[in-house]
Every structure is written in structure tokens, then in C-alpha cells.
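Good morning, everyone. I have one structure to go through today, so please look at it first.

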Amino acid sequence: MEKRWGKKWALICLFLCNWARNVSSLSVTVSDMECVYEYVLYEGDTISGNFVVVDHDIFWSSDHPGIDFTVTSPGGNTVHSLKGTSGDKFEFKAPRSGMYKFCFHNPYSTPETIAFYIHVGHIPTDHDLAKDEHLNPINVKIAELREALESVTAEQKYLKARDTRHRHSKLLPFSAFELS
């Protein structure tokens, strides 16, 4: 049972640490070309996100060509591309690990503010998870802590019982206490 819980805790910790580390949200003002970089640790990770040109309805006329969005892999290949849009969602698998470049191109000289969100998701494989031999020292420490906690709890119960006895003895007349 302890081995199963150890694996579950390791998986939960790995997931939470990975999730918190791989979320980015920002606003970028684009006059011509602006790029944002994100490092992807593992090949096959899912890269997802979205972007929206803020207040595009106010400033854009019907002839505005929109914003171009391009994602380039560490090898220099385009892995995702959108042309002439005011925003969209995207998702793809990373063909390799490394630094990815997310670029926004604004063909007009009027600066545009873009709200941008990206998430790099990693689903661990059996190879990524901690093995039982890695968790054994942790399980031993947990068992030691459990025993120490039990000892403290027993001491507290003992002291509480003594305290109750002393309080009770102060309420009884002296002669009644000597008879017991």
C-alpha cells in the first residue's frame, strides 16, 4: 500500500511542479515584429495557447490585413502558422526539445497590443516517474515520522490524563483523596 501511495505522491508532485513552471501569460505591443521565446524540455510535449489582438474592432478597418503568427522550432522549421487574424487558439506537439520562437507580425505601423497565453504540457512516461528504489528512503523517513508523531500523541494523552487527575483531586476534600 505504501509503495502505491509513494508513486501517487511522486506523480502528483511532478504534475504540479511541471504545471506551475510551464504556464506563461503576457501582453505584447507589436509595431512590426515581436517574438516571445519558450523552452520546451521534452520532445512530444503539447504546446497550446491562444492570443487576441486587444481592441481590434476599434482601430481596424475592413481592409486591415490582421496579425500573422508563426511558431518556429529549435531547428528553424515553422511548426505552426496563422495569417491575417485578430486572434486564435493553437495546439501542436513539439517535434523536438529546445527553444521555440513565437512571433507576431503586424504589417501596419500602428502598434497593436496582443494578449498572449502559452502552456507547455508534459505527460510523464514510466521512464520519467520515480522508481520504488528512489522512494524507499522517503518511505522509511515517513514511517519514522509516523512513529515519532504517535509517541508525541501518546505523551499528550498521558499529560492530559494526569492534568485531569490533578484537577479532579483539587476539587475533592483532602480526606476523600487520601482514601482513594
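I will start with the overall layout, then turn to the core, one strand, the disulfide and the salt bridge.

Keep in mind throughout that this is a predicted model. The chain has 180 residues, and 27% of them count as buried. Its secondary structure amounts to four helices and eight strands. If you follow the chain from the N terminus, the order is α-β-β-β-α-β-β-β-β-β-α-α. The accessible surface is about 12500 Å², and carbon and sulfur atoms account for 59% of that.

How do contacts in the chain relate to the sequence? Take the contacts between residues at least 6 apart in sequence: 77% of these join residues at least 24 apart.

Now the inside. In soluble globular proteins, nonpolar side chains tend to be buried together. Here the largest nonpolar core has 19 residues. Ile-47, Phe-69, Tyr-100, Phe-102 and Phe-116 are the ones with the most contacts inside this core. At least two core residues come from each of β2, β3, β4, β6, β7 and β8. Which strand gives the largest share? That is β8, with four residues.

Next, look at β4, which spans residues 67–72. Is this strand mostly enclosed or open? Five of its six residues are buried, so β4 is largely enclosed by the rest of the structure.

What does β4 pair with? One partner is β5, residues 78–85; the two strands run antiparallel and are joined by five bridges. Within that pairing, Val-71 is opposite His-80 of β5. The same two strands make a hairpin, with five residues between them. In the turn sits Gly-76, whose phi is positive, at about 90°.

Another partner is β7. Again there are five bridges, and β4 and β7 run antiparallel. One residue to find here is Thr-70, whose bridge partner in β7 is Cys-103.

Cys-103 brings us to the disulfide. A search of the whole structure turns up one. Cys-103 is joined to Cys-35, with the sulfur atoms 2.0 Å apart. Why do we call it a disulfide? The cut-off is a sulfur pair within 2.5 Å, and this pair is at 2.0 Å.

What do the two cysteines tie together? Cys-35 lies in β2, residues 33–40, and Cys-103 lies in β7, residues 98–105, so the link connects parts that are 68 residues apart in sequence. The torsion about the S-S bond is about 105°, so this disulfide is right-handed.

Are the two cysteines buried or exposed? Cys-103 has 9% relative accessibility and counts as buried. Cys-35 has a relative accessible area of 29%, which makes it partly exposed. The limit for buried is under 20%, and that is why the two fall into separate classes.

Last, the salt bridge. The count comes to one. Glu-144 and Lys-141 form it, and their closest N and O atoms are 3.5 Å apart. Where are these residues along the chain? Both are in helix α3, residues 132–171, and they are three residues apart, so about one helical turn separates them.

As for accessibility, Lys-141 stands at 51% and counts as exposed. Glu-144 stands at 44%, so it is partly exposed. Exposed means over 50%, so Lys-141 passes the limit and Glu-144 does not.

That is the tour. If you take one route through the model again, go from Thr-70 in β4 to its bridge partner Cys-103 in β7, and from there through the disulfide to Cys-35.

Conventions:
Residues numbered from 1 in each chain as written. Predicted model: local features only at pLDDT ≥ 70, side-chain atom pairs only at ≥ 80, totals over all residues. Heavy atoms only, no water. Buried < 20%, exposed > 50% of the residue type's maximum accessible area, 1.4 Å probe, protein only. Contact = heavy atoms within 4.5 Å. Areas by Shrake-Rupley, 256 points an atom, 1.4 Å probe, with all protein chains shown as cover. Core = buried A, V, L, I, M, F, W, Y, C linked by side-chain atoms within 4.5 Å. Pairing = 2+ DSSP bridges. Salt bridge = Lys/Arg side-chain N within 4 Å of Asp/Glu carboxyl O.
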